[in-house]
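Dear colleague,

Please find below the structure that I am handing over to you. My account of what was found in it follows directly after.

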Amino acid sequence: MFATKRFFGVNSALHHLIWRDVQRCYFSTHNSSRKRRLDVAIVGAPNAGKSQFLNTVTKSTISAVSRKRHTTRNGILATHTRDDTQLVFIDTPGFVQCKSAKDEGMLRDLIRGARDGMDRADYTLVVIDAAKKITEELKEELAILMVAAHHSRGRVEDVTMDAEGNLVESFPQDDQSQNDKSIREKFAIVLNKVDLVHPKEKLLDIAEDIGLLGDACVRYRGETLEIDNDLSFSSYSQSSFSPEEEAALELQYPPVFFISALKNDGVDDVLNHLFGHATPTKEFVLPPGQKTALSMAERVEEIIREKCYRCLHREVPHSITQVNRVLQKGRMKDNRIALRVDQDLIVKTKSHYNLVMGRGGMTLKRIQETAKRDLLAMLSTEGYDEVLLTLHVKYSKAKSHSRELESERQGVIGRTF
C-alpha cells in the first residue's frame, strides 16, 4: 500500500498558520546568518504552466508564456530570495517523448534539456495541467520525469582537486546527517490551472491518481532511464521491501500541490515547502535583490518572443530568429527615460514572411504593440518612462546571424533621443 498523499492548497489558511509555527521553530534552532540554497528544476508536459509559475514567483516576465507548445527552449535562471535562503529556478523545455517529438518535427534536446535540468537540481517540481485530460501517454511521460527527478544527484557545491590531480565534486551537506537527508523526497507534484477544473471534486481524483503514480516512481528499482528507453509500469509496485525500506520510502513520496499560477493562488504554499528543503551554501547565485541573470537584451527578446508565439500559428514562431540591432537607454526631449529597441525578426521562407507581416502589416503591428506594453510594465519599476520599440521582418536563407551587438554584451549604452 502507498502512503496517504499530502495535499497542499486545500484549507490554505490552516496550512499557513502551521507553516508560520514551523518557521519560528526552525529559525530559533538554526543560525540565521548562514546562507541556504535550493536549486529547483521546473519540468512537465508542454504548456502545463511552467513559465507562468516562474514569472509569478519573480513577478516579472522571465520566461516566455504562451498557449503554444514548446515555447521554452533553454534553461533560464531566476532566483527568489527570502532572508538568508535563496531558491534558484531552472525552467526546462516542455517534455515530449521521442516518438511525439519526431512526429512534430521537434528536436530530441527537449528531452535532454529536461533531464539535464533535473540531474543537477536539488528538487524538482513536476507541473501538470489539471484542466487537461490525463491520458495514458501523458502518464508515461510524467513517470519518466518523476523517475529521473528521484534519481537526480543535486547541485555541486564545490569542485576540488585531489592529490592525484582528479577533480572531486562536493555536494551540499545539511545540518542533519547525510543519511537523514537522503531519505527526503526529491520532487513534488504541482497541479496547475485548478481554477479551470469543474466540479472541484475532480481535483481530488486527479491528485490521488497522479500521487499514486509518483509513489510508484519512488518505488521503482530500475536504473535511471536513457532517452530511448521505454518504462515498464509492471515492475513499480511488485518489488518487495523490508519494513525499514518501507518507512524510508514513505518519507520520499511526493507531496501534491493545488495552484493557479496565473492567479497566484497556492504558489506561496509551494515556495514555503521549497524553502524548508534548502541546504547550506557558501554564496548565493545572484544578489538578493536581483531576480534573474538574464541581460537586458535577453529579457527584451524573451517578451517579444512570447508575443510571436501568441500571434502566430503552427511552426512559424519556432523558425523566427531574433536579432537586436539597437538597444539603447536614453533621455527624451521632455527628460523622460526611454529604452530604444530595434529588432529584426528573420525568417527563412517567403510564406513565413507574409504570415509574420499579416495583411497590411497588422500581425506585426499587434506583436509590436503588445510587446511594447509588456516591456513598459516590466521596465517601469526600473526607472524607465517609455519604450521605443521597432520590429522589422526580414527574409534570409543564411544559416546564422549575429544575435547580439557588441554593446549588448557590455550592457545597455546611453544616449539622447
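There are 21 salt bridges in the structure, which is a predicted model. One of them joins Asp 129 to Lys 193, with 3.4 Å between the closest N and O atoms. This pair connects distant parts of the chain, since Asp 129 belongs to strand S5 and Lys 193 to the loop between S8 and H7, 64 residues apart. Asp 129 has a relative accessible area of 13% and is therefore buried, the limit being under 20%.

A second salt bridge links strands S12 and S13. Here Lys 394 is paired with Asp 344, and the closest N and O atoms are 3.2 Å apart. Lys 394 lies in strand S13 and Asp 344 in strand S12, with 50 residues separating them, and the pair again links distant parts of the chain. The two partners can be set side by side: Lys 394 is partly exposed, at 40% relative accessible area, whereas Asp 344 is buried, at 1%. Elsewhere, Glu 306, Lys 307, Arg 310, Arg 373 and Asp 374 are joined into one network by salt bridges that share partners.

A further salt bridge is formed by the side chains of Asp 334 and Arg 336, at 2.9 Å from N to O. Asp 334 is partly exposed, with 47% relative accessible area, and Arg 336 is also classed as partly exposed, at 30%.

I turn next to the strands around S12. Strand S12 comprises residues 337-347 and is mostly covered, with 10 of its 11 residues buried. How is S12 paired with strand S11, and over how many bridges? Strand S11, residues 321-331, pairs with S12 in the antiparallel sense, and the pairing extends over 10 bridges. Within this pairing, Val 323 is placed opposite Asp 344 of S12; Asp 344 is the residue that forms the salt bridge with Lys 394 described above. S11 and S12 make up a hairpin with 5 residues between them, and Asn 335 in the turn has a positive phi of about 75°. Strand S13, residues 386-395, is joined to S12 by 10 bridges, and these two strands run parallel. Arg 340 has Leu 388 in S13 as its bridge partner.

As to the nonpolar cores, the largest has 35 residues, and those with the most contacts inside it are Ile 128, Leu 142, Met 146, Ile 189, Leu 191 and Ile 210. Two or more residues are contributed by each of strand S2 (36-44), strand S5 (123-129), helix H5 (136-150), strand S8 (187-192), helix H7 (201-219) and strand S9 (256-258). Helix H5 makes the greatest contribution, with 8 residues. The surroundings of Ile 210 illustrate how this core is put together: leaving aside neighbours within four places in sequence, Ile 210 is in contact with Ile 128, Ile 134, Leu 142, Met 146 and Ile 189. Another core lies apart from this one and has 28 residues, including Cys 311, Val 316, Leu 364 and Leu 389.

Helix H8 may also be of interest to you. In this helix, which covers residues 243-252, Ala 248, Leu 249 and Gln 252 are buried. Viewed down the axis of H8, the buried residues fall within an arc of 105°, so they line one face of the helix. H5 and H7 are among the elements that cover these buried residues.

One smaller feature concerns Val 168, which is located in strand S7, residues 167-170. Val 168 is partly exposed, with a relative accessible area of 35%. The C-alpha atoms of Val 168 and Asp 158 are 8.4 Å apart, while the two residues are 10 residues apart along the chain.

Finally, some totals for the protein. It has 13 helices and 14 strands. Of its 417 residues, 51% count as buried. Among contacts with a separation of 6 or more, 74% are between residues 24 or more positions apart. The accessible surface amounts to about 20800 Å², and 51% of this surface belongs to carbon and sulfur atoms.

With kind regards

Key: Residues numbered from 1 in each chain as written. Predicted model: local features only at pLDDT ≥ 70, side-chain atom pairs only at ≥ 80, totals over all residues. Heavy atoms only, no water. Core = buried A, V, L, I, M, F, W, Y, C linked by side-chain atoms within 4.5 Å. Buried < 20%, exposed > 50% of the residue type's maximum accessible area, 1.4 Å probe, protein only. Helix = DSSP H or I, 4+ residues; strand = E, 2+ residues; numbered from the N terminus. Contact = heavy atoms within 4.5 Å. Areas by Shrake-Rupley, 256 points an atom, 1.4 Å probe, with all protein chains shown as cover. Arc of directions from axis to C-beta. Pairing = 2+ DSSP bridges. Salt bridge = Lys/Arg side-chain N within 4 Å of Asp/Glu carboxyl O.
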